[in-house]
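Here are my notes for your review, as numbered points. Please check each one against the coordinates.

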Amino acid sequence: MAEDIQVAIDGPASAGKSTVAKLVAKRFKYVYCDTGAMYRAITWLALDHQLAINDVDAISELAKHATIEFKPGEEEQRVFVNGTEVTKDIRGNAVSKNVSAVSAIPAVRTEMTRQQREIAKKGGIVMDGRDIGTTVLPNAEVKIFLVASAHERARRRYEENQEKGIHTGTLAELQAAIELRDKKDSTRKVSPLVQAADAIKLDSTNLTIDQVVDKISAIITKKINN
């Protein structure tokens with residue numbers, strides 16, 4: 001079907017990409033792929049195997065043989081790696097602190113990109129991450145670059161973690177961690193966080209989730225109808 005297009009939503013940490021992507025996918029009855037959760041799953045796996053985060057070869061080997069699955073859950077999408085559910089574990093401090101380093105490993109990115117392209121092959125997909133529009137799905141029909149101020153992103157993540165019972169330190173600590181993550185993601189050599197030339201930039205700092213979803217949905221509808 002012509003309306004089964006690829007939608008890429010990129011942006012920095014905690015910009016609301018996953019929340020928005022899920023709602024957009026639901027509205028269009030598309031598949032949602034949380035690429036950030038995939039990198040977090042590999043990071044969790046490396047830590048679970050007690051590997052040093054700078055042990056590039058060992059982590060690369062782990063990624064090549066890792067099976068990551070998404071299953072529907074009552075409140076959120078459930079994430080499994082090699083059959084083990086890691087939905088909550090991948091949002092903890094240890095994973096958050098190390099995911100940028102693991103994400104920067106070329107072999108890990110190559111394997112995750114391969115899996116992501118396989119998922120997106122048939123279209124009808126909403127995929128969010130940091131290099132979807134530039135690297136994973138460069139031919140996506142709709143590309144969004146979603147941003148928000150570091151303070152607003154920290155506030156959102158803090159409230160979200162409080163609701164889920166996840167301890168991630170103070171709001172100030174969270175903001176500092178987000179700013180450091182931005183720097184790491186934007187300066188890494190492999191697939192850095194950059195806005196694709198044909199992406200539409202959307203600042204969500206002063207917008208509600210519903211307003212962001214409405215704006216992206218309007219862009220998708222326009223593309224489908226053209």
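1. N82 is partly exposed, because its relative accessible area is 42%, between the 20% and 50% cut-offs. The model is predicted, so treat this and every later value as computed from it. N82 sits in the loop that joins β4 (78-81) to β5 (84-85). Its phi is near 50°. That is a positive value in a residue other than glycine. Check this backbone angle by eye.

2. S191 also deserves a look. Phi of S191 is near 45°, again positive in a non-glycine residue. The residue belongs to the loop between α8 and β8 (200-203). Is S191 buried or exposed? S191 counts as buried, because its relative accessibility is 15% and the cut-off for burial is under 20%.

3. Next, a charge and a ring. The charged end of K71 sits over the ring of F80. The distance from that charged end to the ring centre is 4.5 Å.

4. How many aromatic pairs does a search of the whole structure find? The search returns one. The partners are F28 and Y30, with ring centres 5.8 Å apart and planes at 45°, so the pair is tilted. Tilted pairs fall between the 30 and 60 degree limits. F28 counts as buried at 18% relative accessibility. Y30 counts as buried at 10%.

5. Now the helix packing. Two packed helices are described by the angle between their axes and the distance between those axes. Take α3 (residues 56-64) and α5 (residues 106-120). Their axes come within 8 Å and cross at roughly 10°. The angle makes α3 roughly parallel to α5, because angles under 35 degrees count that way. On the α3 side, the contacting residues are I59, S60, A63 and K64. On the α5 side, they are A107, V108, E111 and M112.

6. Helix α5 also meets α2 (residues 35-48). Here the axes come within 11 Å and the crossing angle is roughly 135°. The two helices are therefore oblique to each other. The crossing is right-handed. From α2, the residues in contact are T35, M38, Y39 and I42. From α5, they are V108, R109, M112, T113, Q115 and Q116.

7. Q116 merits its own point. The residue lies in helix α5. Q116 is buried, because its relative accessible area is 0%. Which residues does Q116 contact, leaving aside its neighbours within four places in sequence? The partners are T35, M38, Y39, M127, I132 and V136. T35, M38 and Y39 appear in the α2 side of the α2 and α5 contact as well.

8. A third helix pair is α4 (residues 93-103) with α8 (residues 171-187). Their axes come within 10 Å and cross at roughly 15°. That makes α4 roughly parallel to α8. The handedness of the crossing is left. K97, V99 and S100 in α4 meet R181, K184 and D185 in α8. Charged side chains occur in that list, so inspect their rotamers.

9. T168 is in the loop between α7 (150-164) and α8. T168 counts as buried, because its relative accessibility is 12%. Its contacts, without neighbours up to four places away in sequence, are N93, N161 and L174. How far apart are the C-alpha atoms of T168 and S103? They are separated by 20 Å. Along the chain, the two residues are 65 residues apart.

10. Last, A8 in strand β1 (residues 6-10). A8 is buried, with a relative accessible area of 0%. A8 and I144 are 136 residues apart in sequence. In space, their C-alpha atoms are 6.2 Å apart. I144 is one of the residues A8 touches, once those up to four places away are left out. The others are M127, I132, G133, A140, V142 and K143. M127 and I132 are also among the contacts of Q116.

Key
Residues numbered from 1 in each chain as written. Predicted model: local features only at pLDDT ≥ 70, side-chain atom pairs only at ≥ 80, totals over all residues. Heavy atoms only, no water. Phe/Tyr/Trp six-rings, centres within 6.5 Å; stacked < 30°, edge-to-face > 60°. Buried < 20%, exposed > 50% of the residue type's maximum accessible area, 1.4 Å probe, protein only. Lys NZ or Arg CZ within 6 Å of the ring centre and 35° of its normal. Axes fitted to C-alpha atoms, helices over the stretch in contact; angles between N-to-C directions. Helix = DSSP H or I, 4+ residues; strand = E, 2+ residues; numbered from the N terminus. Parallel < 35°, antiparallel > 145°, perpendicular 65-115°, else oblique. Left-handed = near helix turned anticlockwise from the far one by under 90°. Contact = heavy atoms within 4.5 Å.
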